[in-house]
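Grab a coffee and open your viewer. The exercises below are meant to be worked through at your own pace, with the solutions at hand.

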Amino acid sequence: MTQAQETKQRDTNEEAIRFALFSAHEHDVRFIRLWFTDILGTLKGFAITIDELEGVLRTGASFDGASIEGLAREGESDMVAMPDPSTWQILPWRPRENSVARLFCDIRTVSGEPADTDNREVLRRVLRRAGEMSLTYYVAPELEYFHLRSSDDPRPYDSGGYFDQSSDNAGADLRRQTVLSLEEMGIPVKHSHHEVSDGQHEIDLRHTNALTMADSIITFKVVVKEIASQSGGYVTFMPRPFTQSNGSGMHTHMSLFKGDKNAFFDSDSPDNLSVTARQFMAGLIRHAPEITAITNQWVNSYKRLVPGVEAPVYANYTAGNQAGLVRIPAYRVDKEDSIRIEYRAPDSACNPYLAYAAILGAGLEGIENEYELAEPLTRDPAGMSASERQAHGVVQLPDSLDSALRIAGDSELLNKTLGPAVMQSFLRNKRLEWAEYSRTVTDYEISRYLKLL
Amino acid sequence: MATVLLIGFGHPDSARLAQELESSAPHHDFGTVGNSVPDDVDAANSVALIWCPRSLEDAAAAIADAVANGLPTIALLHDFAIPSVDLSSGHVEFSFSPNDCAETLRRIELALARARGPVDRDVIRHGDLMIDQDRYEVSLSGRKVDLTYKEYELLKYIAARPGRVFSREALLRAVWDYDYFGGTRTVDVHVRRLRSKINDVRYQFIETVWNVGYRFKSGGDAPG
């Protein structure tokens, strides 16, 4: 940064701090929640009182990072939560008097350096890499979730079907309230509808840069759960809560822009896809097996990535077919801005910071190394024999957390994109989860084997 | 908050007054500085309070020094001292000692207010839209509008320059950090949200200029 840029950034920061302080006064804010996430994308944080706000905005708040999964390295447990003043937001579901606000924080070491395990910093690093190529990365996720009666009674809250608009759809009211709260929190919603399964809903967010979006997804989950709990319900983002229903995905639409121009669009190309778009897609497809551990990080994630529930199973590109891993959603031919790529593997329970970092990293790899994109498949690879798939170069996505971790553990791309510190603690944490799952006797085994054997 | 320079406060009575002032006006900085104004004084945000009960000459010198430094000045004097001191400079206030803390404070505030000139709140007004830059508040027809920080900054920027057409690129550079990863489409998203908050049936403040960017329409012309 030049000196002028640094001065401007300092002024912008000071202005944002003053905005927060005035807003706090205006809304009679008593408590401020400092938000950040652990390595799995779980929301963490602590509260400060209004008296501490100004000091904390300027110098941050120290806390013991050792208790946060994957945050502190051995021997350095003290960390600093440094609020990002531009994320100041009053929580709309709290009472109007004595209201509560939140601030997203960057995590720093005590010496003020960005922590290399900080999710926001990891994503920022990849965004900077795109920025050096003059590219801006926009994402728009479609978040699916199940609305249940309660966590103790996990039956669906309603029995609506896909796009149902009937008035007895109790879930629709809640969805409307949720959308209103999201809008109040500065998270624009593109549209929302009832999904295929009982109690399953989808809310699509309007595209924005990946860092703001990752923050928004974290906020989204809090809002959705909060609104549900006010009506006595419960929301789960578990990737596949019911054997008899589809899972909850987080299909993400994405585009790269060079200034005002959509870098994925080329009017001279027969399918309107630019070379950049083709290379980006090729990067996604080639590296998909490696990044699946990040986009689908739970044992349960792999109960969604199976045939027959509209989720991707193979690392392929399909033109019209919904079931592919990468596809080009329908777009208006006269609107070049709307051409975009959809990546369908992530589930709603991923860590959005690391997931978007890994996905963008894979795509940029394709651009930098000029990968070639294979022609889109015209047949569903599920209907092919293994040798046919091999002939078409179709690779299967990992089918369990275990196999995903094995591939991720060897991934140079992940090591480069997320950094060794993050990868180390991520793999350690996830291998433990797999080991625990492996030695657990499941309901399936009891019902299947107990009487038979 | 301002800095109050306590000049000549060596006497036990003056020390007591200094203490009282300090405890009843914690929003100001009180600094005892001996008999003259220090070199590094921030004249725009300070006031000189002079009390030299033992020496008329010291008092006169201190007043001259404070006035020369461009400070709003209050001299606490015994009534018999008045004829000996030049109070011709318009910036000097005086008050008879012994001095009451409440009165002195009131004079400090008055001197500060006078020095700062007429109250000029930084307000941008267009028709029923008001942007109060001192309070970071926006209201439309008297009703407060809740904006996020970036929405506020964007509105403030274009509303201060009505009629001018801005490209998305220019707005992004002006309103967002250099370190920002948003790109120009972010501007569109924010404009859309801003419009939904500050436009109503009668007003449309932000106009899209096809293929260029956006323009703020002063007065909020009614849409065609």
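Here are six exercises, each followed by a worked solution.

This is a predicted model, in which local features need pLDDT of at least 70, side-chain atom pairs count only at pLDDT 80 or more, and totals for chains, interfaces and linings use all residues. Residues are numbered from 1 along each chain as its sequence is written, while chains are lettered from A and ligands numbered from 1 in the order in which they are written.

**Exercise 1. Domains**

Find the domains of chain A and of chain B, and say how far apart their centres are.

Solution. Begin with chain A, which is divided into domain 1 (13-114) and domain 2 (124-446); such bounds come from an automatic or database domain assignment. Taken over C-alpha atoms, the centres of these two domains of chain A are separated by 28 Å. Next, look at their contact: domain 1 of chain A gives 13 residues and domain 2 of chain A gives 19 residues, where two residues are in contact if their C-beta atoms, placed from the backbone, lie within 7 Å. On the domain 1 side, the residues divide into six nonpolar, five polar and two charged. Here Ala, Val, Leu, Ile, Met, Phe, Trp, Tyr, Cys and Pro count as nonpolar, Asp, Glu, Lys and Arg as charged, and the others, Gly among them, as polar. Now turn to chain B, with domain 1 (3-116) and domain 2 (123-216). The centres of these domains of chain B, again over C-alpha atoms, are 46 Å apart.

**Exercise 2. Where the chains meet**

Which element of chain A supplies the largest share of the side that touches chain B?

Solution. First take the whole contact, with 27 residues from chain A and 19 residues from chain B. Then list the elements of chain A that each supply at least two residues: helix H1 (3-26), helix H3 (119-132), strand E7 (136-148) and strand E10 (208-209). Helices (H or I, at least four residues) and strands (E, at least two) are DSSP runs, numbered from the N terminus. The largest share, nine residues, comes from H1(A). Finally, sort this side of chain A by class, which gives 10 nonpolar, 13 polar and four charged residues.

**Exercise 3. Two sides of a helix**

Which residues of helix H2 (residues 50-59) of chain A are buried, and which are exposed on the other side?

Solution. A residue is buried if 20 or more other C-beta atoms lie within 10 Å of its own, exposed if 12 or fewer, and partly exposed in between, with C-beta atoms placed from the backbone. By that rule A:Leu53, A:Val56 and A:Leu57 are buried. These residues cover an arc of only 100 degrees around the axis, so they lie on the same side of H2(A); the arc is that of the directions from the helix axis to the C-beta atoms. An α-helix has 3.6 residues a turn, so residues three or four places apart point the same way. Exposed on the other side of H2(A) are A:Asp51, A:Glu52, A:Gly55 and A:Thr59. After H2(A) comes A:Gly60, with a positive phi near 85 degrees.

**Exercise 4. A helix pair in chain B**

At what angle do helix H4 (residues 149-159) and helix H6 (residues 185-198) of chain B pack?

Solution. The angle is about 85 degrees, and the axes are 10 Å apart. Axes are lines fitted to C-alpha atoms, for helices over the stretch in contact, and angles run from 0 to 180 degrees between N-to-C directions. H4(B) and H6(B) are therefore roughly perpendicular to each other; that label covers 65 to 115 degrees. From H4(B) the contact uses B:Lys150, B:Glu151, B:Leu154 and B:Leu155, and from H6(B) it uses B:His190, B:Arg193 and B:Leu194. Sorted by class, that makes three nonpolar, one polar and three charged residues.

**Exercise 5. Unusual phi angles**

Where do A:Ser134 and A:Glu370 lie?

Solution. A:Ser134 sits in the loop between H3 and E7 of chain A. Although not a glycine, A:Ser134 has a positive phi of about 60 degrees. A:Glu370 is in the loop between helix H8 (352-368) and helix H9 (386-391) of chain A. A:Glu370 is not a glycine either, yet has a positive phi of about 50 degrees.

**Exercise 6. Inside chain A**

Is A:Leu143 buried or exposed?

Solution. Locate A:Leu143 in strand E7 of chain A. A:Leu143 counts as buried because 25 C-beta neighbours lie inside 10 Å. Along the sequence A:Leu143 and A:Glu202 are 59 residues apart, but their C-alpha atoms are 5.5 Å apart in space.

How values were computed. Parallel < 35°, antiparallel > 145°, perpendicular 65-115°, else oblique.
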